[in-house]
Amino acid sequence: MPGDGTRAVRAGLPEPVKYEPTLPGPVFAAHFHLPGDPTGPYTYGRDENPTWTLLERAIGELEAPGLDSAETLSFPSGMAAISAVLFSQLRAGDIVVLPDDGYQVLPLVREQLTAYGIEVRTAPTAGDAQLEVLDGAKLLWIETPSNPGLDVCDLRRLVAAAHAQGTLVAVDNTLATPLGQRPLELGADFSVASGTKMLTGHGDVLLGYVTGRDAGLMAPVRRWRKIVGAIPGPMEAWLAHRSLATLQLRADRQTATARTVAEALRDRPEVTGLRYPGLPDDPSYKIASQQMRRFGCVVSFTLPSRERAERFLGALRLVDDATSFGGVRSTAERRGRWGGDAVPEGFIRFSAGAEDPEDLVTDILRALDASAE
């Protein structure tokens, strides 16, 4: 099987045609020529688009290499992809298990699921705690590493327990990306992610996707996309496909830099609660090293107070104070400002970009010193 870099560069490309571009430009079409019976692949712009097709094929080759039955669908955002799985698979009376330490919009999702008569149970990611509330569930939703706390659960163990009782498993793979972790290879039924983050990596595309184990599982997801019209724009899809070519380069650089940053923060007395799954002394390292091939670009830590955190962020010169993560430009934010995460006021989520690691560490340590005044 080709290496990650080769697959990322070549993923989803069409067969070469003389005088045609290697990656065709975006197709801006609401409708297509359609005489006679609608038997072709492209009929109407809400259902299919050639630009989506190439992107979905590319993501599928990264998420599930060698699994010919797998199918990928693209969406206009990560939340659109998450919602498509949850609301296409669950009915009134069903039980779903969510992490209680995952992405901050999940509490809103829980409210909506409950309003539809679906029982929602929650448990932390760490310690495989979701197993304790799994009995009778229709769907288990896993986020590993969790965002923003960076806890990791044993995917193989949770999948085995879920499948033993007929429970479907979906994994939010946003933070890891397909080059860091392949949930379907670990047994999951769905791998779901926001392509806004490291997958595309430039902070200029909102995108989401779902990769399912087979067409049967994906049929309800596809139907949901058609019903609600949750489709990506062709330009966004093309930009995302273009960006995949550098995914391995970016992931390697950003992952290595994240570890360098974490190691530099480890010795700072004002830093507590430092987390990075790639550090050998991190609580998540043992299980992460068994199921992840790259540990991601996100480091989390806590400064003594809200004020100290704000001064630190204000003193940074090479790091943007911005939400999201995974971009080539480093970002950091005080997560407590959103109010949706159970984190201390001084909690920082830091995303390592593609800057020179030495420059980044120098900037961070200088900002820590400056913020102490």
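**View 1. Helix H10 lies across strands E9, E10, E11 and E12.** Helix H10 covers residues 306–315, and strand E11 covers 331–334. The helix runs at about 160° to E11. Please keep in mind that this is a predicted model, here and in the views that follow.

**View 2. Five strands make up an open sheet with mixed pairing.** Reading across the sheet, the order is E8-E9-E12-E11-E10. E8 and E10 (320–321) are the edge strands; each has a single partner strand, so one side of each has no neighbour in the sheet. Strands of a sheet can pair parallel or antiparallel, through backbone hydrogen bonds. E9 and E12 (residues 347–351) run antiparallel and are joined by five bridges. To find your way along this pair, look for Thr302, which stands opposite Phe347 in E12. Another helix, H8 (residues 247–265), lies across E8, E9 and E12 and runs at about 20° to E9.

**View 3. Tyr276 sits in the loop between strand E8 (272–275) and helix H9 (285–291).** Is this tyrosine, Tyr276, buried or exposed? Tyr276 has a relative accessible area of 1%, so it counts as buried. Leaving aside residues up to four places away in sequence, Tyr276 touches Leu150, Thr255, Ala258, Arg259, Ala262, Asp282, Phe295, Gly296, Val298 and Val299. With Thr255 there is a polar approach to look for: the backbone oxygen of Thr255 lies 3.3 Å from a polar atom of the Tyr276 side chain. You can also locate Glu263, 13 residues from Tyr276 along the chain, with a separation of 9.4 Å between the two C-alpha atoms.

**View 4. Asp4 forms salt bridges with Arg293 and with Arg294.** The Arg293 to Asp4 bridge has an N to O distance of 2.8 Å. Arg293 belongs to the loop between H9 and strand E9 (298–302), while Asp4 belongs to helix H1 (residues 4–10), so this pair ties together parts that are 289 residues apart in sequence. For the bridge between Asp4 and Arg294, the N to O distance is 2.7 Å. That second pair also links distant parts of the chain, 290 residues apart, with Asp4 in helix H1 and Arg294 in the loop between H9 and E9. Asp4 is buried at 15% relative accessibility, and Arg294 is buried at 14%, whereas Arg293 is partly exposed at 37%. Widen the view and you will find a network of salt bridges that links Asp4, Arg7, Arg182, Glu185, Asp252, Arg293 and Arg294.

**View 5. Lys226 and Asp47 form a salt bridge.** Their closest N and O atoms are 2.8 Å apart. This pair links distant parts of the chain: Lys226 is in helix H6 (residues 215–228), and Asp47, 179 residues away, is in the loop between H1 and helix H2 (50–63). Lys226 is partly exposed, with a relative accessible area of 40%. Across the whole structure there are 28 salt bridges.

**View 6. Helix H3 (residues 78–89) is largely enclosed by the rest of the structure.** How many of the twelve residues of H3 are buried? Eleven are, which is why the helix counts as largely enclosed. Among them are Ala80, Ile82, Val85, Leu86 and Phe87. The length of H3 makes a friendly check: at 1.5 Å a residue, its twelve residues should span 16 Å, and the end C-alpha atoms are 17 Å apart, which agrees.

Terms used
Residues are numbered from 1 along each chain as its sequence is written. This is a predicted model: local features need pLDDT of at least 70, side-chain atom pairs count only at pLDDT 80 or more; totals for chains, interfaces and linings use all residues. Side-chain values use heavy atoms; hydrogens and water are left out. Helices (H or I, at least four residues) and strands (E, at least two) are DSSP runs, numbered from the N terminus. Buried means under 20% relative accessible area, exposed over 50%, partly exposed in between (1.4 Å probe, protein chains only). Contact means heavy atoms within 4.5 Å. A polar contact is a pair of N or O atoms within 3.5 Å; within protein, one must be able to donate a hydrogen and the other to accept it, and residues adjacent in sequence count only if both atoms are side-chain atoms. A salt bridge is a side-chain nitrogen of Lys or Arg within 4 Å of a carboxyl oxygen of Asp or Glu. The expected span of a helix is 1.5 Å times one less than its number of residues. Two strands pair if DSSP finds at least two bridges between them. Axes are lines fitted to C-alpha atoms, for helices over the stretch in contact, and angles run from 0 to 180 degrees between N-to-C directions.
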